[in-house]
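Reader: I should like to discuss the packing and backbone of this model. May we begin with the terms on which the discussion rests?

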Amino acid sequence: MTLQERLFALRDENYARFQAKLTPTVPAESFIGVRVPELRALAKTLWKEGGAESFLSELPHRYYDENMLHALLLSEMKDFSACIRETERFLPYVD
């Protein structure tokens, strides 16, 4: 199962509509609708499984939820210098 498929498996369409209303400058179809606690859990799982580095290297992301996951993965990084480097690489894609 791809990471995008995992995100869509966690989808809450009502939550996606709610998020789209909060950020009207982002197209509504950019929201999958994964709740933050589930994204946090997925971020921790990706670090344990070893899929985090691969995902972090894939920029830009298509979905808002992927950007949220990216930010949560950065927050889990233990190496401060690497975290700053990756954050600076990610920032141009944050809307």
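Author: Contact here means heavy atoms within 4.5 Å. The model is a predicted one.

Reader: Leaving aside neighbours within four places in sequence, with which residues is Leu3 in contact?

Author: Leu3 is among the residues with the most contacts inside the largest nonpolar core, which has 21 residues. Helix H1 (3-9), helix H3 (36-49), helix H4 (52-57), helix H5 (64-75) and helix H6 (80-90) each supply at least two residues of this core. With neighbours within four places in sequence set aside, the contacts of Leu3 are Leu42, Leu46, Phe55 and Leu69.

Reader: Is H3 parallel or oblique to H5?

Author: The axes of H3 and H5 come within 9 Å and cross at roughly 55°. Angles under 35 degrees count as roughly parallel and those of 65 to 115 as roughly perpendicular. The crossing angle therefore makes the relation of H3 to H5 oblique.

Reader: How do the residues of the contact of H3 with H5 divide into nonpolar, polar and charged?

Author: From H3, Val36, Leu39, Arg40, Leu42, Ala43, Leu46 and Trp47 take part, and they meet Asp65, Met68, Leu69, Leu72 and Leu73 of H5. By class, the residues of this contact are 10 nonpolar, no polar and two charged.

Reader: Which residues does a cis peptide bond join?

Author: Most peptide bonds are trans. In the loop between H4 and H5 lies Pro60. The peptide bond preceding Pro60 has an omega of about 0° and is cis, joining Leu59 and Pro60.

Terms used
Residues numbered from 1 in each chain as written. Predicted model: local features only at pLDDT ≥ 70, side-chain atom pairs only at ≥ 80, totals over all residues. Heavy atoms only, no water. Core = buried A, V, L, I, M, F, W, Y, C linked by side-chain atoms within 4.5 Å. Buried < 20%, exposed > 50% of the residue type's maximum accessible area, 1.4 Å probe, protein only. Helix = DSSP H or I, 4+ residues; strand = E, 2+ residues; numbered from the N terminus. Axes fitted to C-alpha atoms, helices over the stretch in contact; angles between N-to-C directions. Parallel < 35°, antiparallel > 145°, perpendicular 65-115°, else oblique. Nonpolar A, V, L, I, M, F, W, Y, C, P; charged D, E, K, R; others polar.
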